[in-house]
Structure formats: structure tokens, C-alpha cells
Amino acid sequence: MIPEIGHFSLILALLVALALGIFPIIGAARGNAVWMGLARPLARTQFLLIAVAFVCLAYAFATMDYSVTYVATNSNSKLPIQFRIAAVWGGHEGSLLLWAMILSVWTVAVSLFSKHLPDDMRARILGVMGLISVGFLLFMLMVSNPFERLIPAALDGRDLNPLLQDPGMIFHPPMLYMGYVGFSVAFAFAIAALLGGQLDAAWARWSRPWTTMAWVFLTLGIMAGSNWAYYELGWGGWWFWDAVENASFMPWLVGTALIHSLAVTEKRGSFKAWTVLLAICAFSLSLLGTFLVRSGVLTSVHAFATDPRRGLFILVFLVVVIGGSLALFAWRAPTVGRGGKFDVVSRESFLLANNVLLAVAAFSVLLGTLYPLFLDALGLGKISVGPPYFDTVFAPLMTPALFLMGIGPIARWKKSSLPEIAMRLRWAFGVSVATAMILPVLLGHWTPMIGLGLFLAFWIFASSAHLVYQRLRGSDQPIITRVKAIPRAWWGMVIAHLGIAVFTLGVTIVKGFESEIAVRMLPGEVAHLAGYDFTFKGVEEIQGPNYTASRGQLLVTKNGVERTILSSEKRLYTVQNMPMTEAGISPALIHDLYASLGEPLEDGAWSVRIYYKPMVEWIWAGCAMMALGGLLALSDRRYRMRKRLAKEGALKANEALA
Amino acid sequence: MKRFLLPLIIFLVMVGFLFIGLNLDPREVPSPLVGKPASMFSLPRLDDPKQVFSPKDMLGKVWLFNVWASWCGACRDEHPILVELSKSGLVPVYGMDYKDTREEAQQWLQQGGNPYVATVMDVDGRVGIDYGVYGVPETYVIDKTGLIAYKQIGPVTYEALHEKILPLVKKLQTQ
């Protein structure tokens, strides 16, 4: 009965979304206040209906209702409760429901915090979001219904993919989707502005906090995913340039460009058409990511079950949404004014260069992701584009982008002078060059890549320090007062930029100085790596809720002093008969020690791999700082009112997901 | 006006490719070699280059021929499944280490376990051409008469093994 309620609720939600996508937009075009006024109640009704469906599915998982196909294929009676709930989005149908759910959360958030918007603008924004929702709900009801019954019911479920049975599964997808889907707000703002012909500074001011919020979620979602891959896949990598990772990275790159370009549009009125195009692209890439994951066009570790009908549906949906909005762009954008003029050397120019670099980077990732498909479609054979391509393309694009990051915030709007900038940053430049030359030698060895990475990281540190110093000096007030006098948005920028520096430092050091050994170990034997001694304490058999495991422990000592114990497990998930490795990690600020149990060998020996990963945690610390910077910008005085409301929106989202 | 149309045009071209892509299965390449005799190479073994292995030695048996490399990420996915399979003893698995170095390949086998009765080295990829290797990993089922009966592109998944490869092996073994 409960699943039928969920199903029915989804059908009602589709009808409501249709009404939301039709009446307010027509109302806005005709100036009909009643029709425009329908937008808010419809947005809220839609949210309630999808939430009911979501709760129904979660209930089916919690009560182990194996008469529902989706529950039976993605859960098992021995699966612990927290993973049974997370299994709601563990498969294709449920993750679509999560997507629709989060879209309705963003829609309802816009309906709550848009009192200051003109009625027609709000009606159009909510209407556009309603139309997107129609697509997803229709997709679910037509070819991916999570409530489909299984008759006769299964005795027990086939279990959740063991790879997904991890705390990362509970946070990573909702965070990532909050980010992905959050760009729908910026998209809806852009489309509404194109429809209404009001592309002005006010439009940029309104859509900025929403974009930043989505970007914060996306940053955290990608961070959680990368960290999860690091400890779950068992070989110490943290980014694989997998098609699905790329699908989340492309919107991030374009979203980052969008944040910067919105700032210019708001402050200087320039880049209007470009900003709109970026807003359309950020969300289009999110949709494209969905298509790539779900259509089976590309192979990936993330691949969901494939069905050509689904792929065709999403492709048609993509054509309607992206093609439609790009056509609208081509039609309306030429009427947009040019905005304020600026000099070749000015903050606008630097931000434009940054934008172009980020957009080209996103495009090159897109190219690398789709290239195998292009060749295949043209009948030129099958290839796979791996990390070598992305590493080669990415470093040359990111080097100037990071270098400009030091200069942009120092340059003046409109007209700046290169000699003056050079004068102001000469110390920062000297410090970073010196560090790049000397530090690697102290750490062991110098290579051009290590030197470049350290130079860029310290360049951002030093130029940010100079920026803060410039801004704080020259006043008699106490330092706290001076810090508080500067808008939080500015501090947010500084912290996010420092986050990039921390991230770059982490990547450089771990790539340059990591080491690993693979050894055959008998209990009691000792292995040596990076000044540490690892004593193999043997392997014990343990029984998990839905797996059996061999757990091997390594006692870590340095100069005879005990430091920690690494315990790594080789699990066999019994339902799917699938082996998994759980790495044993001792994380620390300076370095991680990472051990992963291999195969049992003869005479009770085991193969063991041990990794020394210096400063790898800085990679995620850097991402966390970027997100923190975004949050700080959102808490800026001019948004404070909206911030409180947005928080309530996020809380609601959490409640609904719980 | 024209330059504002550019994004739309680029998008439409991409859609065209995606539409064609929908009808292609990235894991299934119709191999012209299925049903044809497997190439009877003779290559040095990984563990001892003085010894050679040739598919001729396997005439009269059904066997799996797995192409792998230590540099191949997807091989890590299928490796535990092959190790399990070799323990079950249902069908012998022979490996070909493709465009790889001996040292790294041996280290890889030490780490992940060695499911292969024997592995040969195809350093320059010459034999790979005869077998129509598109990418690593690939796995061939070869029957008693030395004909290629099936080709798995990409990693051997649990489903592929139990739903396609093993039933086929059983059928071929009874022939």
C-alpha cells in the first residue's frame, strides 16, 4: 500500500509541476497577476508531494519490502539500517527520485526567499524550475519507476553494491546533487531574465548567492567523493578522471567561472551575455553528466544499469532544455547592452582571462570524456582517454589561471597599471620563487613539476598575504575592528583562494614525494618505508553484518616508539560474493600512512601494500577551505537576511532527506 | 547574432554524436574474429623467458585467454574475479601481458595474486593485433579446436562470468 501512495504522489507531483511550468510563465507574459501568483503555492505543493514519495520509498527500504523491485535489487535483510536508508539513492531509479526531491527543495527555497523579486521575475524562475521538474518526473514515471512491484515478492534482496556500503554513500550523493541541481536556480534566473529582457545588475545580484550556495555544495560533494575513492578503492588514488568524476568536475569549473563573472556583472555591468551563457552551461553540464551516467553511452565504475529507452528519453530532454535555452540565448542575447568599458590592464580583463581559462578547461575535460565516443560514432575504433591526456591538458591551463589569481584581486577595476602591480607583488614573487627552488631540495629532490606546483601555491599564499596587509594597514583602529570593517564576502574570496593554494600544495607534495612498497609478509616480519617500521601482526577472521573479512594489522613504530596500528580488511560480501578491500589509514597533517591487505600467499604469508602519502589530507582541507570561503561570502551583510532564510531551506532539505 | 548562435550549433553537433553513441554498446565490439581460429603465436613466458607458450599446447581443451597489463586500471576491477575463478578450477586461465615491462608485471601479480596457469609477454603488441585487441583488458574463450568462441571487451564482471562465460565454457567442454 505504502509504495502505491508513493507512486500516486509522484503522479500528482507531475501534474503540479506541469501547472507550475505553464501558468506562471504565461501569466508573466500576459501580466496576469493571478496566474503569476500560482507559482509559490504550486512550488510548495510539489515539494510536499515529492517528499511524500521519497518518504514512502525510504519506508519500503526500512521495512524491507521486497515486493518492490527497486528495494529488492538494492538492499538486503542483513544490510545495516543506515545503508538501507542510503540505498534509497543507491540505484538508478532512487537517485533520480533524490534528484527530483532536491530540485523541489531548491524550488521551494526560491519560493520562500524571493519576496524582494518582482512578481513576473519570480513567476518565470519558478516556472522554469517546474519545467525541469516535469522532465525528471516524467522520466521516472515512464521508464524508471522506483515503486514498481515485484510479483511474486523476493524472499530477500540482492543487496546494495558493496562498493557503496560506506559512510561516504550517506553524504556524497546528496551533497553532490545539491550542487548539481542548485545550478538549476542560476539557470532559471538566466532564462527568466532572457524571457523578460531584464539582464541587468539587479539580476546578477539576485542570482549570486544562489550560485555561490550551489557551488559550495558541489565543492563539498566532489571533496567527499574524492576522499571516499581514496580510502575505499584501496590503492591510494584520489582522482581518476573517470567519466562520472568528470561529469561533476565540468559544472564545478564552469560554476567557478560563473561566480567570478557574476561579480563583474553585478559590480561593473559588463560580461552580461557571457554570464548568462555560463549560467546555462553550468546547469547544462549537470544535465549532461546525468545523461552520461545513466544512458550507458560511456563505461565507468559508476555506471548504472543501462536501458536504451532511458538514454533516448534523456537525450530528447537535453535537446529540449539545453537546445531551447541556447536558442533563446541566440535570440535574446544580441539585444543585451555591452556594459561598462574597461582597459586591457584592469580587474575586468584579469577576471575575463580567468573565465576563459576555466571555460577552456571545462571544455577540454568534456572533449576528453566524449572523445572515445566521438571516435566510436565515426567508426574509427575504440580507445580510452586516461589520466595522461587530462594531466597534459590541465597543467598548462591551470598554471596561468593560478598565476592570475594572485594578480586579479590586486588590480583595480576599469584601469590598472602593470608596473604598479609588479611593484606591489615583487616580494610575493620573490618569496614564491625562492620557496619553489629551495624547499624541494630540502625535502629530497627537485623536479620542474614540483617546482612549478610549489611556486604557484606560495605565489597565492604570498600575494594573498600582501592583499590582506594592504587592506588592513593605515588605520589607528584595533585590528579586530579593522577586520570586521571589511565585508565578509571579501574575506570569503581570500579564504577560498588560500584553499586553492592549500590544495595545490597538497597535490604537489603528494605527487612529488609519495612512496609505496609491496611486500610479502609473514606474521612478525617488519617492512620499512619512509623512516617507519611496519610489523605485521598477522590476520584474523572477523564476521561483519553482511560480510566476512580477514583483518590484517600492522604495528607502526618509528625509532622503536609505537605510533599507531593500521588495520586493513579484505572483505567478502556474501550476498553478491564480491570482494572488497578496506584500507587501513592513519591520517595526519604531515602525512598519511596507508596500508592495504593483498592476497593470502603460501605458508600464512600475505601480500601487503604500504603507502606513504605526505600532505595528502591538504587536498581535501583545501576543498573545505574553498567551501568555507563560499559560506563566508554568503554570510555577507547584504545577504544576511537571505542567509538566514537559505539556511532554513537547507535545514528543510536535511529533514526531508533524513 | 551569428556568434550568439555558436553555442547552440556546438551543442547540436554534440547531440548528434550522443545519439549515435546511444546505439553503440561501449562494451560490445563485434569482433570479426569470433568463430575464427585463434592465432597460434609462440611467446616467452613472464616467469621464465626461456620457456614459451603457444595456443597449440591447448588444443583439445577449453580455456580463457585474458589480455592484461599492470598499467591498466580496469584490470584491477576484474583481477579478484579471475583469482576466484582460478581457485575454482572450472577452466584454465592463461594471460597475456600486453605492452608492459616484466618487472612491473611481476610486481602486479605478487600484489593481486596470480590467477594464470601461465602468462606470456607481448611487449610490442604484435600478437595483440592478431587478436584484434582494442584495449585492455579483454578476455577470449577458446574452444577445443582452437576457435575463438567469445570475446569479452573490458573487465570480466561477476555477471559476465556467471551469465555468459561459464555457461559457454560448460557447453564447449561437453562438445
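This text walks through a predicted complex, from overall confidence down to single residues.

Local features are described where pLDDT is at least 70, side-chain atom pairs count only at pLDDT 80 or more, and totals for chains, interfaces and linings use all residues. Residues are numbered from 1 along each chain as its sequence is written, while chains are lettered from A and ligands numbered from 1 in the order in which they are written.

Start with confidence. The predictor gives the complex an ipTM of 0.74 and a pTM of 0.81. Chain A has an average pLDDT (the predictor's confidence in each residue, from 0 to 100) of 87, and 92% of its residues score at least 70. One stretch of chain A, residues 299-305, falls below a pLDDT of 50. Beyond near neighbours in sequence, that stretch still has 16 contacts in the model. Two residues are in contact if their C-beta atoms, placed from the backbone, lie within 7 Å. Chain B averages 83, with 92% of its residues at 70 or above.

Chain B can be read element by element. Its secondary structure comes to five helices and seven strands. Helices (H or I, at least four residues) and strands (E, at least two) are DSSP runs, numbered from the N terminus. From that end, the order is α-β-β-β-α-β-α-β-α-β-β-α. Among these elements, strand 3 of chain B (residues 63-68) has the highest mean pLDDT, 92. Helix 4 of chain B (residues 126-130) has the lowest, 78. The C-alpha trace of chain B spans about 70 × 40 × 30 Å along its principal axes.

Now turn to chain A. It is divided into domain 1 (1-160), domain 2 (187-337 + 347-408), domain 3 (409-510) and domain 4 (515-615). These bounds come from an automatic or database domain assignment. The C-alpha centres of domain 1 and domain 4 of chain A lie 43 Å apart. Six residues of domain 1 of chain A are in contact with five residues of domain 4 of chain A. On the domain 1 side, the touching residues are two nonpolar, one polar and three charged. Here Ala, Val, Leu, Ile, Met, Phe, Trp, Tyr, Cys and Pro count as nonpolar, Asp, Glu, Lys and Arg as charged, and the others, Gly among them, as polar.

Next, helix packing. Helix 3 (residues 39-62) and helix 7 (residues 119-143) of chain A pack at about 30°, with axes 9 Å apart. Axes are lines fitted to C-alpha atoms, for helices over the stretch in contact, and angles run from 0 to 180 degrees between N-to-C directions. The angle therefore makes helix 3 of chain A roughly parallel to helix 7 of chain A. Angles under 35 degrees count as roughly parallel, over 145 as roughly antiparallel, 65 to 115 as roughly perpendicular and the rest as oblique. The crossing of these two helices is left-handed. A crossing is left-handed if the near helix is turned anticlockwise from the far one by less than a right angle, and right-handed if clockwise. From helix 3, A:Ala39, A:Ala43 and A:Gln46 meet residues of helix 7 including A:Arg122 and A:Leu126. The contact holds four nonpolar, three polar and one charged.

Helix 16 (residues 448-472) of chain A packs against helix 18 (residues 488-513) of chain A at about 160°, with axes 9 Å apart. That angle makes helix 16 of chain A roughly antiparallel to helix 18 of chain A. Their crossing is left-handed. Among the contact residues are A:Leu454 and A:Phe461 of helix 16 and A:Leu498 and A:Leu505 of helix 18. This contact has 14 nonpolar, six polar and no charged residues.

Helix 16 of chain A also packs with helix 15 (residues 418-443) of chain A, at about 145° and with axes 8 Å apart. This crossing is right-handed. A:Arg424 and A:Leu425 are among the helix 15 residues that meet helix 16, whose partners include A:Phe455 and A:Trp459. The contact divides into 14 nonpolar, five polar and one charged.

Finally, two backbone details. A cis peptide bond joins A:Ile151 and A:Pro152, with omega about 0°. A:Pro152 sits in the loop between helix 7 and helix 8 (167-196) of chain A. A:Asp159 lies in the loop between helix 7 and helix 8 of chain A. A:Asp159 has a positive phi of about 80°, although it is not a glycine.
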